[in-house]
Amino acid sequence: MIVVAEEYSLNNSRKNELESLIKQKISVDDEDLPLWQEAKDGNFKAFQELMNRFQNRVYGLAFRILNNPQDAEDIVQQTFLTLVEQIDRYRGESKVKTWILGIATNHALKLLRKRKGQYYTSFNDRNLDSINHEPLPHPEYIAVWRDNPENLATQKELKILLSESLNRLEEAYRTVFILRDIEGLSTEETANILDISLSNVKIRLLRARLQLREDLTKKLGIEATRLISTHSEHPISK
Amino acid sequence: MTCDELLIALNEVVDSETALEIYKEFAAHLSNCNPCQVVLDNIRQTITLFQAGQEYHMPPSFQEKYQQIIESKWDEKFHKSKNEKNS
């Protein structure tokens with residue numbers, strides 16, 4: 001029993017040491033932290049600078065989740081009001097950016113569920129978890145795209161196409177894709193914000209990527225280059 | 001390695017620049033399987049397109065309005081008048 005207690009204490013002390021190292025690393029890498037510290041001391045200009053840095057990002061994040069400009073505006077306002085209210089609560093466990101985007105994401109998801117009448121559904125949805133265990137959908141439409149993404153991105157109609165594709169995704173897949181691939185957060189940061197496991201983030205991201213690829217390739221792929229996948233019946237010799 | 005096995009591991013290949021060097025069987029499969037190579041390219045293009053494609057900018061009229069609301073909340077929290085803050 002004593003050995004177990006000693007091990008536990010050692011593990012705990014190692015854990016604290018690691019957490020402290022992670023915090024130090026986060027603060028060194030976090031360019032928004034000095035502004036946050038000034039804002040915390042009551043400097044509104046510093047807070048205003050943070051608003052200017054993040055407002056369009058929060059707006060874009062909310063717009064992508066909710067697909068409605070008025071709702072996105074509400075989320076911007078609610079997010080920064082929450083930040084003022086909770087300005088003392090930030091402890092440096094994550095980057096300032098992650099904290100802000102996390103608050104915005106949770107406000108947006110809350111509103112989305114309210115709109116859908118799902119007041120009590122959590123993001124950690126059991127039905128969805130069972131879908132996660134189903135086999136992955138195989139890529140069906142496989143073709144080379146007609147142009148590179150940088151050129152495609154400049155075309156006006158693409159904005160609508162991307163928005164439609166994103167909105168066809170299940171909410172839970174969409175949110176993970178937005179946080180990981182559009183906002184550039186890590187798997188760990190995404191898992192913390194959504195309160196789901198790392199493996200859940202990974203599988204939802206994979207399903208989102210596969211569905212978006214399928215959708216966009218049908219629109220952007222060159223039919224003449226279309227390939228037929230032979231799936232698992234096509235073992236490859238090493 | 002089969003296409004199905006690569007499909008399960010796609011995130012690793014997409015997210016890590018060194019995955020193909022570390023997991024030689026991924027590279028070996030891709031060099032022999034054109035459909036998988038195109039799917040991988042398509043996924044990378046999908047991500048790049050979303051990152052490069054859409055920037056959202058809130059309407060300037062709203063920006064002014066909401067910042068005033070935030071400033072009032074700020075004053076309330078820090079018990080400061082506007083004059084004190086600007087001095």
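**Figure 1. Buried residues of helix α5 of chain B in the predicted model.** The buried residues of α5(B) are C36(B), V38(B), V39(B), L40(B), N42(B), I43(B), Q45(B), T46(B), L49(B) and F50(B). This helix covers residues 34-53 of chain B. Its length can be checked with simple arithmetic. At 1.5 Å a residue, the 20 residues of α5(B) should span 28 Å, and the end C-alpha atoms lie 27 Å apart, which agrees. The helix belongs to a chain of 87 residues, of which 25% are buried.

**Figure 2. Helices of chain B.** Chain B contains 7 helices and 0 strands. Along the sequence, the order of its elements is therefore written with one symbol throughout, α-α-α-α-α-α-α.

**Figure 3. The side of chain B that touches chain A.** How many residues of chain B are in contact with chain A? There are 45 such residues in chain B, and they meet 45 residues of chain A. Five helices of chain B, namely α1 (3-8), α2 (10-15), α4 (24-32), α5 and α6 (60-78), each supply at least two residues of this side. Which of them gives the most? The answer is α5(B), with 15 residues. By class, the residues on this side of chain B are 23 nonpolar, 15 polar and 7 charged.

**Figure 4. Helices of chain A.** Chain A has 238 residues, and 35% of them count as buried. Its secondary structure consists of 11 helices and 0 strands. From the N terminus on, the elements read α-α-α-α-α-α-α-α-α-α-α. Among the contacts in chain A with a separation of 6 or more, 71% join residues that are 24 or more positions apart.

**Figure 5. The contact between the two domains of chain A.** Chain A is divided into domain 1, residues 31-116, and domain 2, residues 126-233. The centres of these domains, taken over C-alpha atoms, are 26 Å apart. Domain 1 of chain A brings 11 residues to the contact, and domain 2 of chain A brings 12 residues. On the side of domain 1 that touches domain 2, the elements that give two or more residues are α3 (44-66) and α5 (96-116) of chain A. The most come from α5(A), with 6 residues. Sorted by class, this side of domain 1 of chain A has 5 nonpolar, 5 polar and 1 charged residues.

**Figure 6. Helix α5 of chain A and the residue that follows.** The length of α5(A) can be checked in the same manner as that of α5(B). At 1.5 Å a residue, its 21 residues should span 30 Å. The end C-alpha atoms of α5(A) are 30 Å apart, which agrees. After α5(A) comes G117(A), with a positive phi near 75 degrees.

**Figure 7. Crossing of helices α8 and α11 of chain A.** Two packed helices are described by the angle between their axes and the distance between the axes. Helix α8 of chain A covers residues 156-168, and helix α11 of chain A covers residues 198-220. Their axes come within 10 Å and cross at roughly 145 degrees. The crossing of α8(A) with α11(A) is right-handed. Which residues meet here? From α8(A) they are L161(A), S165(A) and R168(A), and from α11(A) they are L212(A), D215(A), L216(A) and K219(A). The contact of α8(A) with α11(A) has 3 nonpolar, 1 polar and 3 charged residues.

**Figure 8. Surroundings of W36(A) in helix α2 of chain A.** Is W36(A) buried or exposed? A residue is buried if 20 or more other C-beta atoms lie within 10 Å of its own. W36(A) has 20 other C-beta atoms within 10 Å, so W36(A) is buried. The helix that holds W36(A) covers residues 33-40. Leaving out residues up to four places away in sequence, W36(A) touches L50(A), Y90(A) and V96(A). The C-alpha atoms of W36(A) and L81(A) are separated by 15 Å, and these residues are 45 residues apart along the chain.

**Figure 9. Surroundings of F44(A) in helix α3 of chain A.** F44(A) counts as buried because it has 20 C-beta neighbours inside 10 Å. Between the C-alpha atoms of F44(A) and S165(A) there are 40 Å, with their positions 121 residues apart along the chain as the separation in sequence. S165(A) is one of the residues of α8(A) that meet α11(A).

How values were computed
Residues numbered from 1 in each chain as written. Chains lettered and ligands numbered in written order. Predicted model: local features only at pLDDT ≥ 70, side-chain atom pairs only at ≥ 80, totals over all residues. Helix = DSSP H or I, 4+ residues; strand = E, 2+ residues; numbered from the N terminus. Expected span 1.5 Å × (residues − 1). Buried ≥ 20, exposed ≤ 12 C-beta atoms within 10 Å, placed from the backbone. Contact = placed C-beta atoms within 7 Å. Nonpolar A, V, L, I, M, F, W, Y, C, P; charged D, E, K, R; others polar. Axes fitted to C-alpha atoms, helices over the stretch in contact; angles between N-to-C directions. Left-handed = near helix turned anticlockwise from the far one by under 90°. Domains from an automatic or database assignment.
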